[in-house]
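Ready for a few short exercises? Take a look at the sequence and the structure, then work through the solutions one step at a time.

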Amino acid sequence: MLATLRTFTFTSALCATSLLAAPQAFAEVEPGGWQSVSPGYSVQERGCGQVEGLTFRLTCSTASGDQRAERRYATYTGGTRQFEGYFRITSLSGTRISLKQTFNESASGPYFMLAVERGGRLYAVHGGATLSGAGTVGATVRVNTVHQVGVEHRTYINGSLKHTYASPGGSFYDKFGAYRTNSGSGQATVEWSDIRFWRK
């Protein structure tokens with residue numbers, strides 16, 4: 001049986017309103033010429049995925065089917081884009097849950113996926129490289145991705161560069177939340193905060 005999909009679309013104005021309420025304790029991880037932007041987004045819930053504000057839950061422990069709770073941001077096609085957000089896993093009885101994605105819309109598939117295993121290992125799903133052990137339950141982790149379309153994608157954990165990946169050209173978008181990977185299973189609850197975007 002196909003999973004139920006609920007999608008809610010939010011305008012950039014709503015996004016900007018939420019950003020105004022966020023604390024100002026964040027900054028770009030790479031210097032030079034960044035312009036703050038507020039892309040629109042939609043909320044996606046599939047299977048047992050639930051979204052409440054910036055809290056994302058997978059409420060079932062299944063290892064099959066499409067289980068996701070996430071925000072999907074507007075498509076971009078060029079230049080350099082930076083994402084910043086903080087996540088805190090408040091419960092994780094499952095494992096291999098994707099937290100943040102850079103999605104290659106031109107190739108119709110995820111291009112970069114940051115995921116967590118039970119125990120706190122943060123890794124790149126494609127290639128399996130370990131980025132950090134900081135993803136333990138209760139810890140707050142800062143994530144920045146810098147994407148030069150057609151050149152390179154870089155991932156920073158708590159301000160330190162942990163992963164680089166060659167990038168094709170095309171159209172992409174950012175997603176974050178809690179998303180069961182092909183080899184993963186729920187349950188999980190992830191709280192995100194202080195979401196920011198820049199471009200140059």
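**Warm-up: the surface**

The protein has an accessible surface of about 8,700 Å², and 50% of this belongs to carbon and sulfur atoms (areas come from the Shrake-Rupley method with a 1.4 Å probe; for residues, only the protein chains shown count as cover). This is a predicted model, where local features need pLDDT of at least 70 and side-chain atom pairs count only at pLDDT 80 or more, while totals for chains, interfaces and linings use all residues. Residues are numbered from 1 along each chain as its sequence is written, and side-chain values use heavy atoms, with hydrogens and water left out.

**Exercise 1.** Find how confident the predictor is.

*Solution.* Start with pLDDT, the predictor's confidence in each residue, from 0 to 100. The protein averages 89, and 86% of the residues score at least 70. Next, look at residues 11–25, where pLDDT stays under 50.

**Exercise 2.** Place serine 98 in the fold, and decide: is serine 98 buried or exposed?

*Solution.* First, the protein has one helix and 16 strands (DSSP runs, numbered from the N terminus: helices are H or I, at least four residues; strands are E, at least two). Serine 98 sits in strand β8, residues 95–104. Then check its accessibility: serine 98 counts as buried because its relative accessibility is 2% (buried is under 20%, exposed over 50%, partly exposed in between, with a 1.4 Å probe and protein chains only).

**Exercise 3.** List what serine 98 touches.

*Solution.* Use contacts, meaning heavy atoms within 4.5 Å. Leaving aside residues up to four places away in sequence, serine 98 touches Met113, Leu114, Ala115, Gly177, Ala178, Tyr179 and Thr181.
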